[in-house]
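User: I'd like a close look at one buried spot in this protein and then a walk outward from there. Could you keep it chatty and stick to what the model shows?

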Amino acid sequence: MRYIYVVLILFCLGKIYAQDSLSKKSVQAFPVPAIGKSIETDWYFGAVCLFKFKNFFNTPQYSTAKLKLEYSLNKQFVVTTNWFIYTNQNKKIIIGDNAYLYFPEYYFGIGNNTAENNKLYYTAQRLELYNSLLWKIKPSVYLGVSVKAQSISELEPEYTNTAISHELVNNNAGWSTGVGPHLLRDKRDRILNPSAGSSFIEVENINYIKEKTTQNTNLFSSLKADIRYYHKLFAKSVIAWQYYSVHNFGNAPYRLLGLLGSDSHMRGYYQGRYRDNHYIAVQAEARIRIRDWLGFTLFTGVGDVYNNFSDANISNIKYTNGGGIRIRVDKDDNVNLRFDYGIGKETAGFYVAFGEAF
C-alpha cells in the first residue's frame with residue numbers, strides 16, 4: 001500500500017524540482033495513469049511514474065528511473081521498479097530492474113512448434129531481481145558484474161493437460177540465482193529515445209545455480225546479447241535496428257528460457273508463446289516526427305526459438321509487423337509515451353509504455 005500512496009502523491013504534484021544554485025541539480029517526475037490492453041493481461045489499470053535526474057549523481061548525463069503498478073482484469077498484480085543511473089562523471093553505471101508479480105498466465109510448452117491447444121493456465125508468484133554495477137574502461141565502454149535472481153513460488157497449474165502440467169512443475173526450480181560479467185558500449189545521447197548516430201551494444205553472461213534440481217542438474221549458464229543502431233532516415237526521423245538473443249547452456253527453468261514476445265521485441269506475440277534454450281530476434285523501426293509533440297512509427301521483425309543450434313530452421317521463423325503513435329511528454333529529453341500495435345503469425349497485441357521499444 002505504501003507504493004500506492006507514493007504514486008498518488010506524485011499525481012498531485014505533477015513535477016518535482018529540487019535545485020541548488022551551484023550545481024543546478026534537478027529531479028523531475030512524470031506520473032501518468034496506466035490504462036491499456038495486452039495479450040497477457042487483457043485490460044489493465046494502474047500508474048507509471050518516470051523519474052529523470054540531472055546533475056544529481058555528480059554527472060551531467062541524464063539518469064532515469066521508473067516505478068510502475070498495474071492490476072489487470074486477469075487478476076494479475078505487478079510492481080516493478082527499474083533504473084539506469086550514471087555516477088561520478090559517467091565513470092560508473094548502476095542498472096536495476098526488479099519486480100514482484102502475482103501473474104496468472106498461459107504456458108504452451110517448450111519448442112518452436114507447440115500447439116495452441118496445449119496451452120495450460122497456471123497461477124504463481126514471481127520475484128525477479130536484476131542489478132548491475134559497471135565501471136568505465138574506455139570512452140563509452142563499461143565492464144562490470146551483474147547479479148540476477150528469480151523465484152517462482154505457489155505454482156498451481158490447472159491439470160487439464162496432465163503432460164504439460166507435469167512439464168511445467170518439473171521445470172520450476174524455485175530460486176535461480178546467478179552472477180557474471182557484463183560488457184556495455186553505450187553511445188546513446190538519450191536513454192529513452194536515442195537520436196541518429198547513437199548505438200548500444202550489451203553482452204552479458206550469467207552463471208546460475210538452482211534451488212531445486214531439474215533435469216538432473218542444478219547448474220546452467222545464460223548468454224545475452226543486445227545490439228542497437230540508430231540512423232537518420234530524413235529530417236526529424238530515425239530508423240532503429242536491433243539484434244537480441246538469449247542462449248542457455250544446461251537446463252534452464254521454464255521462465256529463464258528464451259521467451260519470444262514482449263512489449264519491446266516481437267510485439268504481437270504472447271510472451272513465452274514460444275520458448276526454448278535459444279532465442280534470436282531482429283527488428284527495425286522507422287520513427288517519424290510529424291509535429292513537435294506528435295509522431296508515429298512503423299516496425300517489422302523476425303525471430304524464433306530452438307533447442308540446439310542445429311535445430312534452427314528458416315521455415316519455422318516467426319514475424320511481426322505493426323505501427324504506433326508517439327506523444328511527447330518531455331520536450332527537454334524528447335521522451336515519448338508510446339502506443340503500439342503489433343501483428344504476428346495468427347496473433348496481435350496492443351501496448352502502452354514510456355520510452356521507445358529499444
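Analyst: Let's start at Gly-344, which is buried, with a relative accessible area of 5%. Bear in mind that we're looking at a predicted model. Gly-344 sits in strand E18, and, leaving aside residues up to four places away in sequence, Gly-344 touches Tyr-269, Tyr-319 and Thr-320. Strand E17 covers residues 318–330, so two of those partners, Tyr-319 and Thr-320, fall within that range. For a sense of distance, take Lys-92: Gly-344 and Lys-92 are 252 residues apart in sequence, and their C-alpha atoms are 39 Å apart in space.

Strand E18 also takes us to the nonpolar core. Spanning 335–344, strand E18 is among the elements that give two or more residues to the largest nonpolar core. That core has 19 residues, and the members touching the most other members are Phe-84, Ile-93, Leu-184 and Phe-354. The other elements giving two or more residues are strands E1 (26–38), E2 (42–54), E4 (77–87), E5 (92–102) and E7 (120–138). E2 makes the largest contribution, with three residues.

Ile-93 is a handy one to click on. Beyond four places in sequence, Ile-93 is in contact with Phe-84, Ile-85 and Tyr-86, then Ser-132, Leu-133 and Leu-134, and finally Tyr-142 and Leu-184. Two of those names, Phe-84 and Leu-184, turn up in the list of best-connected core members as well.

Nonpolar side chains also show up on the outside. Ile-137, Leu-143, Leu-183, Val-203, Leu-223, Phe-249 and Phe-309 make a nonpolar surface patch of about 600 Å². Of these, Phe-309 is in the loop between strand E16 (294–306) and strand E17.

Now for the charges. The whole structure holds 20 salt bridges. One of them pairs Glu-105 with Arg-126, with the closest N and O atoms 3.8 Å apart. Glu-105 is in strand E6 (residues 105–107) and Arg-126 in strand E7, 21 residues apart, and the pair links distant parts of the chain. Both partners are buried: Glu-105 has a relative accessible area of 1%, and Arg-126 comes in at 7%.

Compare that with Glu-116 and Arg-273, whose closest N and O atoms are 3.4 Å apart in their salt bridge. Glu-116 lies in the loop between E6 and E7, while Arg-273 lies in the loop between strand E13 (258–260) and strand E14 (274–276), so this bridge ties together parts that are 157 residues apart in sequence. Here the partners differ in exposure, because Glu-116 is partly exposed at 46% relative accessible area, whereas Arg-273 counts as buried at 9%.

Arg-190 and Asp-189 are sequence neighbours by number, and their side chains meet in a salt bridge too (3.9 Å, N to O). Arg-190 counts as buried at 19% relative accessibility, with the cut-off for buried being under 20%. Asp-189 is partly exposed, at 37%. Beyond the pairs, there's a network of salt bridges that links Arg-267, Glu-285, Arg-287, Arg-326, Arg-338, Asp-340 and Glu-356.

A couple of backbone oddities are worth a click. Lys-75 has a phi near 60°, a positive value in a residue other than glycine. Lys-75 sits in the loop between strand E3 (63–72) and E4, and counts as exposed at 58% relative accessibility. Met-266 has a positive phi as well, near 50°. Met-266 is in the loop between E13 and E14, but it is buried, with a relative accessible area of 2%.

For a partly exposed stop, try Ser-153 in strand E8 (residues 141–157), at 30% relative accessibility. Ser-153 touches Ala-124 and Gln-125, again beyond four places in sequence. The C-alpha atoms of Ser-153 and Asn-172 are 8.8 Å apart, with their positions 19 residues apart in sequence.

Finally, how far to trust the picture. Mean pLDDT for the chain is 88, and 93% of the residues reach 70 or more. Residues 1–23 stay under 50, and the model has 33 contacts beyond four places in sequence for that stretch. Where pLDDT is low, the predicted coordinates should not be read in detail.

Technical notes:
Residues are numbered from 1 along each chain as its sequence is written. This is a predicted model: local features need pLDDT of at least 70, side-chain atom pairs count only at pLDDT 80 or more; totals for chains, interfaces and linings use all residues. Side-chain values use heavy atoms; hydrogens and water are left out. A nonpolar core is a set of buried Ala, Val, Leu, Ile, Met, Phe, Trp, Tyr and Cys residues joined through side-chain atoms within 4.5 Å. Buried means under 20% relative accessible area, exposed over 50%, partly exposed in between (1.4 Å probe, protein chains only). Helices (H or I, at least four residues) and strands (E, at least two) are DSSP runs, numbered from the N terminus. Contact means heavy atoms within 4.5 Å. Patches are made of residues with over 30% relative accessible area and no salt bridge: like charges are joined within 9 Å, nonpolar side chains (Val, Leu, Ile, Met, Phe, Trp, Tyr) within 5 Å. Accessible areas come from the Shrake-Rupley method with a 1.4 Å probe; for residues, only the protein chains shown count as cover. A salt bridge is a side-chain nitrogen of Lys or Arg within 4 Å of a carboxyl oxygen of Asp or Glu. pLDDT is the predictor's confidence in each residue, from 0 to 100.
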